[in-house]
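Reader: I should like to learn how to read this structure. Where would one begin?

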Amino acid sequence: MAERVGVYVCHCGSNIAGMVDCEAVARWAKENVSDVAVSRDYKFMCSSLGQAMIEEDIRKEGLTRVVVAACSPHLHEKTFRRACSNAGLNPYLMQMCNIREHVSWVAQERDPATEKAKSLISAAVARVKRQEPLEPMKVGVNPRTLVVGGGIAGLQATLELADAGYPVVLVERSPSIGGHMAQFDKTFPTLDCSACILTPKMSEAYQHENVTLYSYAELEEVSGSVGAFKVRIRKRARSVREDLCTGCGACIEKCPRKVVDNDFEVGLGYRKAIYMPFPQAVPKIPVIDRENCTWFQRGKCRVCEKMCQPGAIDYDQQDEIIELDVGNIILATGWKLFDCRKIPQYGYGRLANVFTNMEFERLCNAAGPTSGKIVLRDGKTEPRSVAIVHCVGSRDKNHNEHCSAVCCMAALKFGHLVLEKTGAEVYSFYIDMRTNQKMYEEFYCRLLEEGMHFIRGRVAEITDAARMPGEEGKLIIQCEDTLLGRQRRIPVDMVILMGALEPQADAKELGLKCGISCSMAGWYTERHPKLDPVATMTDGVFVAGACQGAKDIPAAVAQGAAAAARVMGMITKGTVEIEPVVASIDEEGCSGCRICNNMCPYNAIEYDAGRNVSRVITALCKGCGTCVAACPAGVITGSHFNNEQIGAEIEGILWDARAAAGRGAAAAV
Amino acid sequence: MSKGKLAIYWAASCGGCEISILGIQEKILEVDKAFDIVLFPCGADGKVREVEKLPDKSIDLCLFNGGIRTSEQEYMARLLRAKSRVLVAFGSCAHEGCVPGLGNLHTRKEIFETNYHDSPSLDNPGGTEPHHESSVPEGTLHLPEFYDTLKTLGQTVPVDYYLPGCPPESERIWEALEAILTGQLPPPGSVIGVNTTVCDVCKRKRTEKKIKAFKRTWEVVPDEETCLLEQGLVCCGPATRAGCGALCPQVNSPCIGCYGPNGGVEDYGARLMSALASVIDSNDPEEVERIVREGLPDPVGTLYRFSLASSLLRRSSRQAEAAKA
């Protein structure tokens, strides 16, 4: 029996109709495309009236297939699938044809755009006739959630979920949770103490009955899919038994080995070989840095073991592998600081009194290496003038094109702290001041009043080569003041480089494990930049905080809470539907060559050695088609994207080419 | 019961298929019991003019090997199609063009240049090359016309069955003949063979494949236990229809793909290329390019050795353009 296809051409207001003659296209489809029983155009197909029209036609006209020529399936495939379902048609017998993003938005002339729309509709009709009804699979949602990253975004997500009564596993790479926020002194624009607002959240998360914290641990592998992920966590050996340690700190005090702390104190301070990153660390359990420990390196010492009353030191401790089932995953892995050495003309690493923003955070932190005193690298001289250079490695085509979002406000905060603590002159070298959140502009005005100097222009060079009187022994900032329209040289004692926020070095790798992608810059890609900012293209994997893009604390907290809310929604619903668009292997034809085995980005292919065949684990398959393309024997089929359907689609799109080719061939003879 | 009529013919091919037919050994007597041979230029007598006189569809079975490169071959293909009830494209040349099909990378002009002018072993002072028509004092002589493009038998006339292999293995020939004799045939148009690949019968140990470098056969002495592809040799086994019994891998030599694509595969070379690309163990575009360039110096000759003429590519289009101009 021939199929009865309904074609629905959407105007999308003027989005499509402005460039495509929708009415003509609909008429053409009815007259020229075989098996089209109904063809209509309408102003907004996604509106309830548009949907009702499709539903009515399915019932009254006995449509067996539906083609909606409108926007991207990304946007409205679900809408139209639902409309088909409502009218009793299997939703997978509906095909969307994108004549907005693929046609009207990119075309420049009306006639060719209209012709292109016709071709795409012809392809969709040819394809939809070969589509098969599919049934989605239902999977229960495990209420336990994995949160990766114990910075402020991850902590917020953890606490939201735990307080709602759901179990959370929080994995943190460093020995303590807290993230970058633990390193800061004050937070803008309110200037409240960072530690004062952060540490209660840290200890709350640690003590919460619903939270299991694995610090000094990393996510190693993820398999499974939404609702039922299996994760493998490597808990690195602390060399200290967590069950026995009381956190008294005697071991740290007596440890004879002192090393530069390049992590928490960013090279400005020292720690011991057995250490906690900072006094308020959570958990309050030290870690032995085996690379610097005298016992591990030279086989002598064991002082910490002697000092430890409860006997918690365990030099033979091994990494522990923990395997867990979770329903959802929230990635809140944060950011890393731009390496300011990459801009040699700014002299970081060469000129002693050029500091990075993180170094300065530690300098003014009361718990930092100088107990909060702002001093030069010599550790005692207070600067009498300070330059703050914005956009170091941000808004820069050579490094990162993005704006790091927090530096303008952080620079104002630094300016305030310098003025308050030292009374030095402060110069800010900025490109644009970006203070567009609540109370931010007010903070900027406050600094203008407090007497911070603002010079608009990108700094060309920072040098210690004096050329003019008054420059001796100083760092000279060479810069074009674009408001004055002239070059300036400003000698200062101290320079703070506002280094960019960058994606973590291993963000892509972790993303791959979880099946999500990164933007060109390396930030995790959200499902929709406006309407779905914390979900990702992989169901059950959410992102929060700076791993999704540079952002400040309030925004990171908001995303943490948002991701938690999304997860709670999933848990409350209890089950998720999984797309039935999956690959399957014809076991009769499979010769077990194993080429597909390590192709699958979702680990959904298993090899059955007994029968010498590979098999797709349907619940894990996302239908991406990688294995289908890789199978040299052609025995893997992707449902909804099989050869017949794709072939028909190609033939459909070339509806007018056969005649043209016939003419061409005749001419050639 | 009266005996059926059998024709065996060769076109653009090497003659290996005939030898393989004779390789069924004493079973040839069974064939003789069932059939009268009306045409078998390589093995028996029989004249084309006799075949021309036969009524249409009076030959019960024709095994046709070789591709169609000349006008004479095309004539014979059409003649035997008309006279035969069942026409079998026998062997890789008739099935998918085989090595003669690689000539489709060049134009007729280029092939003649090489064969009649440039070849170092040639002694052709007059620069003679074949012409379709030549005038001599006695009149006009005709040679078959040499076509620009080699076509498979199936691209020339409708074919009932395909028997793959270069050449088809004698056991498979006998199985096919048995099926034909007993009338147990698959639907017309299909390949007589199994729908699985050489790996299915290959005994080598296989694991997940990650290849850092492709090697050529002279570069390594492969270990006899492990999958040859895993050792970096371009083994076409994963993409090639089973039927040979994995003869080449058994003797430590990679499969070169003579049994053609598995059932349902449109384009053998594209399939194999996509599979090989999938197992290269690198995400660095430059490294991938180096691995391919160094290890696969002749992609068409390696991936389309047997199937260029029947592939979606069919022939080199640059050359086709040049030929038109």
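**The interface**

Author: One may begin where two chains meet. Chain A and chain B bury about 1700 Å² between them, and 47% of that area is on carbon and sulfur atoms. Buried area is the accessible area (1.4 Å probe) that two parts lose on being put together, summed over both. This is a predicted model, in which local features need pLDDT of at least 70 and side-chain atom pairs count only at pLDDT 80 or more, while totals for chains, interfaces and linings use all residues. Residues are numbered from 1 along each chain as its sequence is written, chains are lettered from A in the order in which they are written, and side-chain values use heavy atoms, without hydrogens and water.

Reader: Which element gives the largest share of the side of chain A that touches chain B?

Author: Helices are DSSP runs (H or I, at least four residues), numbered from the N terminus. Here helix H16 (residues 626–630) of chain A contributes the largest share, three residues.

Reader: How many residues of chain A are in contact with chain B?

Author: Contact means heavy atoms within 4.5 Å. By that rule, 22 residues of chain A meet 23 residues of chain B.

Reader: How is chain A divided into domains?

Author: Domain bounds come from an automatic or database domain assignment. Chain A has domain 1 (5–134), domain 2 (145–236 + 320–334 + 504–573), domain 3 (250–307), domain 4 (336–502) and domain 5 (583–639). The C-alpha centres of domain 1 and domain 3 of chain A are 66 Å apart.

Reader: What are the dimensions of the box that the C-alpha atoms of chain A fill?

Author: Taken along the principal axes, the box is roughly 90 × 70 × 55 Å.

How values were computed: Helices (H or I, at least four residues) and strands (E, at least two) are DSSP runs, numbered from the N terminus.
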